[in-house]
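Trainee: I have a model open and want to question it region by region. Can we go through it together?

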Amino acid sequence: MVVATLSAATGIPEQNLTLVLSILFGYLVAIIYRIALLRPLKTVWAPFIRNLYVAISGLSISYFFNGSDIKHSLITTIVTWFLCYFGDLIGNRKLACALSFVFNFSYLIVGYYVTATDEYDIDWTMPQCVLCLRMIGFSMDFMDGAKSSKSSVPVNSEKKTDDNKKVDSQSDALATRPPKQPISFEKNIQLQTLPPLIETIGYAYFFGAFLIGPQFSFNLYRKFITMNLFPDPKNIPTGSYRYALKSFLIGALYLGVQQIAVGFFPMSYILTKEYAAKSLIQRLAYMWMAGKFSFTKYLGIWTLAEGACILSCISLNGYDANGNPEWNGLANVDKIKFEFATSLNQIVGAFNTNTNIWTKIYIFKRLIFLGNKNLSSLGALLFLALWHGVYSGYFICFSLEYVDIETEKRWVKRLEPYTKPLYDSKNELKYKTIRGLHKFACWFGQTCGLHYAMISFELLKWDKVVTAYNSVYWIGHIVVFTLLFADMILPKRRTKKTEKIISLDEKVNNNVNNGYVNGTTKVKEQ
């Protein structure tokens, strides 16, 4: 009743408002956790108490969001745990992992089919898709744990501190974790023993991440509740409140802009006769804007959710070069990099980061038996397309983005002899204007490809997607496939074997990322 009243007063759809309120409840839960439990407790039950709080609070928020549909997430979490339990009992963790994969993925796909409508709905399948990856990763980590040697130190023990020995928190953090790198899936995340069921439930319903992500390993969650995540549990690094507030404000700003923009550029307008009557330039400009603001809601909601993770301190990511603690360990989007990226390859490392890492670890690398990187990439692409849903629009979007990235890679390499001098430090002043124009052209090109592909992701159904692309004569498809085929038939420039070609992305960004855009995979190294 209260949510319905607020929805009527603000004009925000009730489902959307329920989602935002659920995320904001995570802030309150995180603050209480921070005050009461984020410190050494003089009891061996400390990890259990922290986990119990996380489990109860997460289940409560889930019930507020899902109502009786909370049963779906409970069923999949408990069944996954028992599959792992019986797999360990019979000494066959591989079988348990395979059954867990099939069960969780099938449950999600059937859920999509049963709840499908003509629009994108915010219902129980949204957190279920997050849980699907979480439980599949959990069972794979448990399977991998059978191969790893047993640790000499119990991983579920509370971290001990010596009052007479000062812990150098900065050096410890830097030694264990490179700064500015995601901490969601570090090395050695295998589970040698099956965690208790209640601990698994706490992991599944972590209040800052069960609704829309981010994804992270059980190993990180266990280090969080045992305080092993912190170099000195008695002295939690400062700054998290400030960064959480920043995350909240930026997330709210993005969502506010999106709420206003959707009134000016509704996606449904693309399907109208009025839109079709406009000039081609006007239609393309509108499509660019509609695609742009479709991304805005994801940037906003992920940034808003990140604030609860920061408040709880699970996102501590070591220290920067100046010794200041960093709180971006579970950031799901690099907003500056995303907004000003000059290539789709840069977008890959800036958008939906933790899901991309999850897919690379648990899908792409597991397909190594195919013996071909392209086949592994296509396998990961198919998995992610199905994971999003059964609508044809997802497959059209992801496949087009895959082709876009492949085409971009080929032409960056082909044009390298002409663009490389622009970024040579010796020519910094000489080519300043041309370099700026080149960066703008690259930015505009990648946004055109990205926003054009996003149209099918938003419209979902085949007839709507066809109507939208017919209105602009499928220009995005024609351009990218023409460029791809042109690169195939044009003669290649010969280079000396000893010459090292550095791509534009490496020169500008010094970081070529392997990953996925909205689930579209393009990985260079396996």
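**Loops, cores and a helix pair**

Mentor: Start at a loop. Leucine 460 is found in the loop between α18 (432-459) and α19. Keep in mind that this is a predicted model.

Trainee: Is leucine 460 buried or exposed?

Mentor: Phi of leucine 460 is near 70 degrees, a positive value in a residue that is not glycine. Now take the accessibility. The cut-off for buried is under 20% relative accessible area. Leucine 460 has 1%, so the residue is buried.

Trainee: Tryptophan 474 also has a positive phi. What is its relative accessible area?

Mentor: Place tryptophan 474 first: the residue sits in the loop between α19 and α20 (475-489). Its phi is about 55 degrees, although it is not a glycine. By accessibility tryptophan 474 is partly exposed, at 24%.

Trainee: How are α17 and α19 oriented to each other?

Mentor: Two packed helices are described by the angle between their axes and the distance between the axes. Helix α17 (residues 392-419) and helix α19 (residues 462-470) have axes 8 Å apart, and the angle is about 45 degrees. An angle under 35 degrees would count as roughly parallel, and 65 to 115 as roughly perpendicular. The orientation of α17 and α19 is therefore oblique.

Trainee: Which residues meet there, and how many of them are charged?

Mentor: From α17 come Ser392, Gly393 and Ile396; from α19 come Trp462, Val465 and Tyr469. By class, four residues are nonpolar and two are polar. The count of charged residues in this contact is none.

Trainee: Which helix gives the largest share of the largest nonpolar core?

Mentor: That core has 103 residues, and Phe206 and Phe224 have the most contacts inside it. The largest share is 14 residues. They come from residues 280-312, which is helix α12.

Trainee: Which domains does this core draw on?

Mentor: The condition here is at least three residues from each domain. Two domains meet it: domain 1 (1-149 + 181-333) and domain 2 (354-489).

Trainee: What does phenylalanine 224 contact beyond its neighbours within four places in sequence?

Mentor: Among the partners are Tyr33 and Leu38. Phe206, Leu229 and Phe230 are also in contact with phenylalanine 224. The list closes with Ser312, Cys313 and Ile314.

Trainee: How many residues does the second, separate core have?

Mentor: This core includes Tyr112, Cys129, Met143 and Phe383. Its count is 21 residues.

Trainee: Which residues does the cis peptide bond join?

Mentor: Look in the loop between α8 (197-204) and α9 (218-225), where proline 214 lies. Omega is about 10 degrees for this bond. The bond joins glycine 213 and proline 214.

Trainee: Next, glutamine 259. Which residues is it in contact with, leaving aside neighbours within four places in sequence?

Mentor: Glutamine 259 is in helix α10 (residues 240-264). With a relative accessible area of 32%, glutamine 259 is partly exposed. Its C-alpha atom is 9.2 Å from that of phenylalanine 293, 34 residues apart along the chain. The contacts of glutamine 259 are Gly11 and Ile12.

Trainee: Last, the whole chain. What percentage of its residues is buried?

Mentor: The chain has 21 helices and two strands. Of contacts between residues at least 6 apart in sequence, 76% join residues at least 24 apart. Of the 526 residues in the chain, the buried share is 52%.

Key
Residues numbered from 1 in each chain as written. Predicted model: local features only at pLDDT ≥ 70, side-chain atom pairs only at ≥ 80, totals over all residues. Heavy atoms only, no water. Core = buried A, V, L, I, M, F, W, Y, C linked by side-chain atoms within 4.5 Å. Buried < 20%, exposed > 50% of the residue type's maximum accessible area, 1.4 Å probe, protein only. Helix = DSSP H or I, 4+ residues; strand = E, 2+ residues; numbered from the N terminus. Domains from an automatic or database assignment. Contact = heavy atoms within 4.5 Å. Axes fitted to C-alpha atoms, helices over the stretch in contact; angles between N-to-C directions. Parallel < 35°, antiparallel > 145°, perpendicular 65-115°, else oblique. Nonpolar A, V, L, I, M, F, W, Y, C, P; charged D, E, K, R; others polar.
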